[in-house]
Amino acid sequence: MTTAALFIILFACMFMGMPIAIALGLSSVATILMFSHDSLASISLKLFEATSEHYTLLAIPFFILSSAFLSTGGVAKRLINFAVDSVGHIRGGLAMASVLACMLFAAVSGSSPATVAAIGTIVIAGMVRSGYPESFAAGVIANAGTLGILIPPSIVMLVYAAATEVSASRMFMAGFIPGLMMGGILMIAIYIAARIMKLPAEPFPGVAKLGKSFLIALGGLMLIIIVLGSIYGGIASPTEAAAVAAVYAYMVSVLGYRDIGPMKGIAWRNEGEALASAVVRNLLQMLWAIPKSIRHPEVRKVILDASKVSLMLLFIIANAMLFAHVLTTERIPHQIAETIVHWGLPAWGFLIVVNILLLIAGNFMEPSAILLIMAPILFPIAMKLGIDPIHLGIIMVVNMEIGMLTPPVGLNLFVTAGITGKNMIWVIKACLPWLSLLLMFLMLITYVPQISLFLPEYIDQLKGY
């Protein structure tokens, strides 16, 4: 009865159009009041503990802030130029460069909609000008943007780690190879389609121009090395790496590329200026710009926007943790686990059920909310069936990728529609051919666990030596 009441209230609230965070909190409080022996004081305590006792969650605001600075600070434009110079000379190379740019930006942002917005606003129009069909360009970017939550660092992985108390570092390691593989699959599909459709290729810019674009993009690329290198090398935790990423992203955007802030438009070296004079001038200007940037309207807007997104996400997480608390105290996951084990359902059969449930949920809910609701239910069952929790996490993240592209709540669809100015039906049709690749990739990830587990296990062996 308790289980039925909890989920009936939750889905009734959602169908009435209530925000997911309020629906989670209201259904949890109503169930506690009607069926549980817990006091109302325990609710406020649990809401406080939801964020204060999960140190990993502190990484989320930092990664969101770094993503906001990089999205605004022109890093995406420089990554795109480097990607185009790298693979643009291959047939269909501009679309392949768009995928490569999405992969690079995913490794510095951790957000799928941010990846689509930052890369798509530039490359979709560029592909159309170069002779690519607009539906082809939109479909590629919407799908490649989903890599934002698979290639580490990923905000969705941090949420899963907090919900199940597995290692966030291991989740990041596990997502690295699948992310590269999915990007590679998309590029191969683009190349095949380009040969069939006779899509154009850009002229090779030359080694000198490629080297120059690499050096210009290095400010953004260094963030990948700083974050992933420090985590994989055991130098910093994901939270510490996220804090460093936020500071570094601020410095690159405001002091390095100077696309926003008080140094906007100031050249590193003026025409005819001596090198020593330029160095001294830049040092003095940076010292002047750092305190001044705190009150600069562009910088403050970036911080305010990042704060809004962080607060929204953390409010959802706090209410979802309360929901998970009700599930645990009423032993709902354990009862479901015992029932499924009693049925004799094998691990491969359970994973089919998991994928179906998550694909359905992805049509109606935001990824973080799905993970926080479903992970406490599915995690104990997976443990009893001998499924690795890291492997389960990657399966759930890939399902969330597909959820980004399925109506009516697919976030990437809305972002792509906003960029192209087309309606949702047009965007959905553009995405469908590429979505089939994601579904095949999901089957591969589900039933070949070593794709996800090879890197964390290998790094564990290296540390063991």
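A residue counts as buried when its relative accessible area is under 20%, as exposed when that value is over 50%, and as partly exposed in between. With that in hand, here are some close-ups of this predicted model.

**View 1. Met263, a buried residue in a loop.** Met263 belongs to the loop that runs between α12 (238-256) and α13 (275-293). Its relative accessible area is 0%, so Met263 is buried. Leaving aside residues up to four places away in sequence, Met263 touches Val254, Leu255, Arg258, Gln285, Met286 and Ala289. You can also look for Ile290 in this view: it sits 27 residues from Met263 along the chain, and the two C-alpha atoms are 9.5 Å apart.

**View 2. Lys264 and Glu298, joined by a salt bridge.** The side chains of Lys264 and Glu298 form a salt bridge, with 3.1 Å from N to O. This pair links distant parts of the chain, since Lys264 is in the loop between α12 and α13 while Glu298 is in helix α14 (residues 297-329), 34 residues apart. With a relative accessible area of 47%, Lys264 is partly exposed. Glu298, at 27%, is partly exposed too.

**View 3. Glu273 and Arg281, a salt bridge between buried residues.** Here the closest N and O atoms of Glu273 and Arg281 are 2.9 Å apart, and the two residues form a salt bridge. Glu273 has a relative accessible area of 14%, so it counts as buried. Arg281 is buried as well, because its value is 16%.

**View 4. Lys422 and Glu134, a link across the sequence.** A salt bridge connects Lys422 with Glu134, and their closest N and O atoms are 3.8 Å apart. Lys422 is in the loop between α19 (411-420) and α20, and Glu134 is in helix α8 (residues 134-144), so this pair ties together parts that lie 288 residues apart in sequence. Lys422 is partly exposed, with 35% relative accessibility. Glu134 has a relative accessible area of 26% and is therefore partly exposed. If you would like to hunt for others, the whole structure holds seven salt bridges.

**View 5. A nonpolar patch on the surface.** Which residues make the nonpolar surface patch of about 850 Å²? They are Trp348, Ile352, Ile356, Ile360, Phe364, Met443, Leu444, Tyr447 and Val448. Two elements, α16 (347-361) and α20 (424-447), give two or more residues each to this patch. The most comes from α16, which supplies four residues. Met443, one of the patch residues, lies in helix α20. Its relative accessibility is 41%, so Met443 counts as partly exposed.

**View 6. The lining of the largest cavity.** The count of cavities of 30 Å³ or more comes to one. About 30 Å³ of space lies in the largest cavity. To find its lining, pick out Asn143, Thr146, Leu147, Met182, Leu186, Glu401, Trp434 and Leu438. Among the elements, α10 (168-197) and α20 are the ones that give two or more residues to this lining. Helix α20 is thus worth following from one view to another: it gives residues to the cavity lining and to the nonpolar patch.

Technical notes: Residues are numbered from 1 along each chain as its sequence is written. This is a predicted model: local features need pLDDT of at least 70, side-chain atom pairs count only at pLDDT 80 or more; totals for chains, interfaces and linings use all residues. Side-chain values use heavy atoms; hydrogens and water are left out. Patches are made of residues with over 30% relative accessible area and no salt bridge: like charges are joined within 9 Å, nonpolar side chains (Val, Leu, Ile, Met, Phe, Trp, Tyr) within 5 Å. Accessible areas come from the Shrake-Rupley method with a 1.4 Å probe; for residues, only the protein chains shown count as cover. A salt bridge is a side-chain nitrogen of Lys or Arg within 4 Å of a carboxyl oxygen of Asp or Glu. Buried means under 20% relative accessible area, exposed over 50%, partly exposed in between (1.4 Å probe, protein chains only). Contact means heavy atoms within 4.5 Å. On a 1 Å grid over the protein atoms alone, a cavity is a set of points where a 1.4 Å probe fits but cannot get out, and a pocket is an open set with protein on both sides within 12 Å along at least five of seven lines; lining residues have an atom within 4 Å of a point. Grid points are joined across faces, edges and corners, and a volume is the space filled by probe spheres set on the points.
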